[in-house]
Amino acid sequence: MLRMSNVKKHYKKFDLDCSLEVKTGCVTGLVGKNGAGKSTTFKAALGLIGIEGGEIEIFGKPLAAVTAKDKEKIGVVLADSGFNGYLSIKDMLPVLASVYPDFSKTDFLAQCDRFQLPIDKKIKEFSTGMKRKLQVLAAVSHNADFLILDEPTAGLDIVARDVLLEMLREYMETDGRSILISSHISGDLEGLCDDFYMIDDGKIILHEETDVLLSDYAILKVTEDQYRALDKTYIRRYKKEGFGYRLLTDERQFYAENYPDAIIEKGNIDELIMMMVRGEKE
């Protein structure tokens, strides 16, 4: 669905050097702290910024060969974009219908009701969470094959996030669809994504299937004496703590079997990011 190979973009204080792939039928998460390069990656993938190197393909075509018809099959939510605040949802309906031939007014209005979005109120009067809900609803309203969603859960409370993620799961029930989604609240995505890319300082530092991340990766907590005696073959990162060391491994079972006295915790995605970014390499 999307392939980015050695894509490079230079700014005065930031460099992107990114390779990733979103396969058909898969939901791929791009996670990292704020400023890590998620939005720049998305804008490069969509051709909204020029790049200095690398290759980008969407639907198997070079980005330059993607047609207007192809773009109708892409639904987009960007973190720093939105709709004209002086319009209401009712005002948007003919605009969406003219831009997207497959726009479903009935489904769109039903989802607005589901998310409790008033159709007569001006968008500038919406809360941040309401605006984000509207962006996502517009992205999924026209039978797109590929969604590119930059921080779609930002500004939403826990209930609204759950409803939105459920809507994305429903979207994926149709064969041939894919999603590339980013978040700095990566725990939201554990039950949605098939695989994750972790980005830091413009570079991909880890790519792994979600099942592997949640089953094989773990956080070890050991004393200094235990650390000195430890086989560090499968330690990805370490961090000195007051009690000794916090360690990230991708072979949880090895340490569970061979070091029964070590504290081994099943890490979540956010903890893995923290260790990959702030921990040191062995």
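**Loops, rings and buried charges in a predicted model**

Q: In this predicted model, which loop holds N143?
A: Two elements flank N143. One is helix α5, residues 128-139, and the other is strand β7, residues 146-150. N143 lies in the loop between α5 and β7.

Q: Is N143 buried, partly exposed or exposed?
A: Buried means under 20% relative accessible area, and exposed means over 50%. N143 comes to 37%, so the residue falls between those limits. N143 counts as partly exposed.

Q: What is the phi of N143?
A: Most residues other than glycine have a negative phi. N143 is a residue other than glycine, and its phi is positive. The value is near 60°.

Q: Which other residue has a positive phi, near 55°?
A: This residue is found in the loop between β4 (53-58) and β5 (61-62). At 25% relative accessibility, the residue counts as partly exposed. Its type is other than glycine. The residue is F59.

Q: How far apart are the C-alpha atoms of D70 and F59?
A: D70 is found in helix α2, residues 68-71. F59 sits in the loop between β4 and β5. The two are 11 residues apart along the chain. Their C-alpha atoms are separated by 8.0 Å.

Q: Which residues does D70 touch, not counting residues up to four places away in sequence?
A: D70 has a relative accessible area of 16%, so this acidic residue is buried. Contact here means heavy atoms within 4.5 Å. On that basis the list is F59, K61 and A65.

Q: Is K239 buried or exposed?
A: K239 lies in strand β12. Leaving aside neighbours within four places in sequence, its contacts include G244, Y245 and R246. M274, M275 and R278 are also among them. With a relative accessible area of 18%, K239 is buried.

Q: Which lysine lies over the face of Y245?
A: K239 is in contact with Y245. The lysine over the ring face is another one, at 5.3 Å from the ring centre. That lysine is K240.

Q: How far is the charged end of K9 from the centre of the ring of Y11?
A: A charge sits over a ring only if it is within 6 Å of the ring centre and within 35 degrees of the ring normal. K9 sits over the ring of Y11. The distance is 5.2 Å.

Q: Of the aromatic pairs, what kind is Y227 with Y238?
A: The structure holds seven aromatic pairs. In this one the ring centres are 6.1 Å apart and the planes stand at 40°. Stacked needs under 30 degrees and edge-to-face over 60. The pair is therefore tilted.

Q: Which elements does the pair of Y227 and Y238 tie together?
A: Y227 is buried, and so is Y238. The parts they join are 11 residues apart in sequence. They are helix α8 (residues 224-229) and strand β12 (residues 235-241).

Q: Which residues form one aromatic cluster?
A: Aromatic pairs in the structure number seven. Four residues belong to this cluster. They are Y234, F254, Y255 and Y259.

Q: What share of the 282 residues in the chain is buried?
A: The secondary structure comes to 10 helices and 14 strands. The C-alpha trace spans about 70 × 40 × 40 Å along its principal axes. The chain exposes about 13700 Å², with carbon and sulfur atoms supplying 47% of it. Buried residues make up 46%.

Terms used. Residues are numbered from 1 along each chain as its sequence is written. This is a predicted model: local features need pLDDT of at least 70, side-chain atom pairs count only at pLDDT 80 or more; totals for chains, interfaces and linings use all residues. Side-chain values use heavy atoms; hydrogens and water are left out. Helices (H or I, at least four residues) and strands (E, at least two) are DSSP runs, numbered from the N terminus. Buried means under 20% relative accessible area, exposed over 50%, partly exposed in between (1.4 Å probe, protein chains only). Accessible areas come from the Shrake-Rupley method with a 1.4 Å probe; for residues, only the protein chains shown count as cover. Rings of Phe, Tyr and Trp (its six-membered ring) pair if their centres lie within 6.5 Å; planes under 30 degrees apart count as stacked, over 60 as edge-to-face and the rest as tilted.
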